[in-house]
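Reader: Let's work through this model feature by feature. For each one, give me the idea and then the case.

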Amino acid sequence: MKICVLPGDGIGPEIMAEAVRVLKALDLKLDMEEALLGGCAIDAAKDPFPEATQKLAKEADAVLLGAVGGPQWDNNPRELRPERGLLRIRKDLGLFANLRPAILYPELANASTLKPEVVAGLDILIVRELTGDIYFGQPRGVEVREVDGLKQRYGFNTMHYTESEIRRIVRVAFDAARKRHRKVCSVDKMNVLECTQLWRDVATETAKEYPDVELSHMLVDNAAMQLVKNPKQFDVMVTGNMFGDILSDEASMLTGSIGMLPSASLDANNKGLYEPSHGSAPDIAGKGVANPLATILSAAMMLRYTFGNEAAAQRIEVAVKKVLAQGLRTGDIYEPGTTRVGTREMGDAVLAAL
Ligand code: NAD
């Protein structure tokens, strides 16, 4: 099992060091090799996604990423920005499925802005299509046109999906549901958008391949409401690129703790890029206070989705739960009455709990 490790910038190297320690402690014969991505790669090789990194990422079975970016590169030309490296690696690897769990551990229920009884114990997975939809559709643009007898600027985009694009992402959701509570809610806007009527039809057809998983449908406006009203009704939600962009951010904020949220982006063969949902947090970089748990939980997702090792994934997740139950907190999730620890101590505690 070959893993390409990309610590990146800011807090990236600090949180990645802890995830790597956790992976090593599992005794799984993992071959981990580090490379540069983002700002550090721009500094060293004048390219946010250098050739050596491209090669390693291609060869590896999975990529584990910290975070990229920082103010020192913000004024660079577009091609020399850290985020450019992120977009390129996602495209290079053909990652079309984005999996973002929103889990709220009961001990952290106060971190949410919602009432604890609404969110405590929340565990949902949002599966978002990443490479299609209105974000990539042609034609697109802003032109001056004569509309309603008036020459004016006219903006337009095109929403589109092929049935094969829909089927492959819906299958990812069903496969994920089989590892969870066997419920998929497909989100669309079929009452207004033909493209998403096709989405609903294909989801319904695909469900026949998964008789053991329950499929429901929901309009996106209702889904946005239900996520804040009664989020615990959901297990897996699957949706297109634009709706998924919005709903996954909404769902992650139900938990209120960005330092806890892992994510995965998969290709057609379950090769994946795994990373925390947060950024490089330049404001706390180098201070040893960043929360490493989102990255450690991303490593658990890697073991589950790319390496099919459910037992090892759960070992990590249970260890994280134990550490939270012990009352250990990094600054981002600290509240009075708990014990404040740094990045390294949090890693130590997870290792001990393993
Ligand atoms: P951010 O997620 O880096 O930080 C937002 C806030 O959350 C900050 O106060 C930060 O200190 C805190 N935070 C984030 N992760 C934390 C952790 N693990 N532990 C404790 N606190 C944590 O978002 P931002 O400030 O908008 O962006 C900073 C940089 O990160 C920018 O250069 C941005 O482009 C980049 N970024 C990268 C990614 C990525 O690599 N996937 C994603 C988002 C932003």
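Reader: Which element supplies the largest share of the lining of the largest pocket?

Author: Helix 4 does, with 7 residues. Helices (H or I, at least four residues) and strands (E, at least two) are DSSP runs numbered from the N terminus. A pocket is an open set of points on a 1 Å grid over the protein atoms alone, with protein on both sides within 12 Å along at least five of seven lines; a cavity is a set where a 1.4 Å probe fits but cannot get out; lining residues have an atom within 4 Å of a point. The model is predicted: local features need pLDDT of at least 70 and side-chain atom pairs pLDDT 80 or more, while totals for chains, interfaces and linings use all residues. Residues are numbered from 1 along each chain as its sequence is written, and side-chain values use heavy atoms, with hydrogens and water left out.

Reader: What is the volume of the largest pocket, and which residues lie nearest its centre?

Author: A volume is the space filled by probe spheres set on grid points, which are joined across faces, edges and corners. For the largest pocket that comes to about 750 Å³. Its lining has 31 residues, and Leu86, Leu87, Arg90, Leu130 and Glu275 lie nearest the centre. Helix 4 (82-92) is joined by strand 3 (62-67), strand 4 (97-103), strand 11 (262-266) and strand 12 (272-276), each supplying at least two lining residues.

Reader: How do the residues of that lining divide by character?

Author: Into 10 nonpolar, 12 polar and 9 charged. Here Ala, Val, Leu, Ile, Met, Phe, Trp, Tyr, Cys and Pro count as nonpolar, Asp, Glu, Lys and Arg as charged, and the others, Gly among them, as polar.

Reader: Where does the largest pocket lie with respect to the domains?

Author: Domain bounds come from an automatic or database domain assignment. Domain 1 (1-96 + 267-354) and domain 2 (104-256) both give residues to the lining, so the largest pocket lies between them.

Reader: What lines the second largest pocket?

Author: This pocket holds about 450 Å³ of space. Its lining counts 22 residues; Ile103, Asp123, Arg180, Arg304 and Glu317 are the closest to its centre. Helix 11 gives the most, with 5 residues. Helix 11 (310-325), strand 4, strand 5 (123-129) and helix 10 each supply at least two. The split is 12 nonpolar, 3 polar and 7 charged. Each of the two domains provides at least three of these residues.

Reader: How do I check the length of helix 10?

Author: The expected span is 1.5 Å times one less than the number of residues. Helix 10 (residues 293-305) has 13 residues, so it should span 18 Å; its end C-alpha atoms are 18 Å apart, which agrees.

Reader: How many residues of helix 10 are buried?

Author: Buried means under 20% relative accessible area, exposed over 50%, and partly exposed in between (1.4 Å probe, protein chains only). In helix 10, 13 of 13 residues are buried.

Reader: Which residues touch the most other members of the largest nonpolar core?

Author: A nonpolar core is a set of buried Ala, Val, Leu, Ile, Met, Phe, Trp, Tyr and Cys residues joined through side-chain atoms within 4.5 Å. The largest has 85 residues, and Leu23, Leu99, Val127, Met260, Tyr274 and Val320 touch the most other members. Helix 10 gives this core the most, with 9 residues. Domain 1 and domain 2 each contribute at least three.

Reader: How many cavities are there, and what lines the largest?

Author: There are 3 cavities of 30 Å³ or more. The largest has a volume of about 50 Å³. Asp133, Met159, Tyr161, Val187, Asp188, Thr196, Trp199, Gly240 and Phe243 line it. They divide into 5 nonpolar, 2 polar and 2 charged. Strand 8 (183-188) and helix 7 (194-207) each supply at least two.

Reader: Which backbone angles deserve a look?

Author: Most residues other than glycine have a negative phi, and most peptide bonds are trans. Asp133 has a positive phi of about 75°. Asp133 is in the loop between strand 5 and strand 6, and at 2% relative accessibility it counts as buried. Asn270 also has a positive phi, about 70°. Asn270 sits in the loop between strand 11 and strand 12 and is partly exposed at 36%.

Reader: Where is the cis peptide bond?

Author: Between Gln138 and Pro139, with omega about -5°. Pro139 lies in the loop between strand 5 and strand 6 (141-147).
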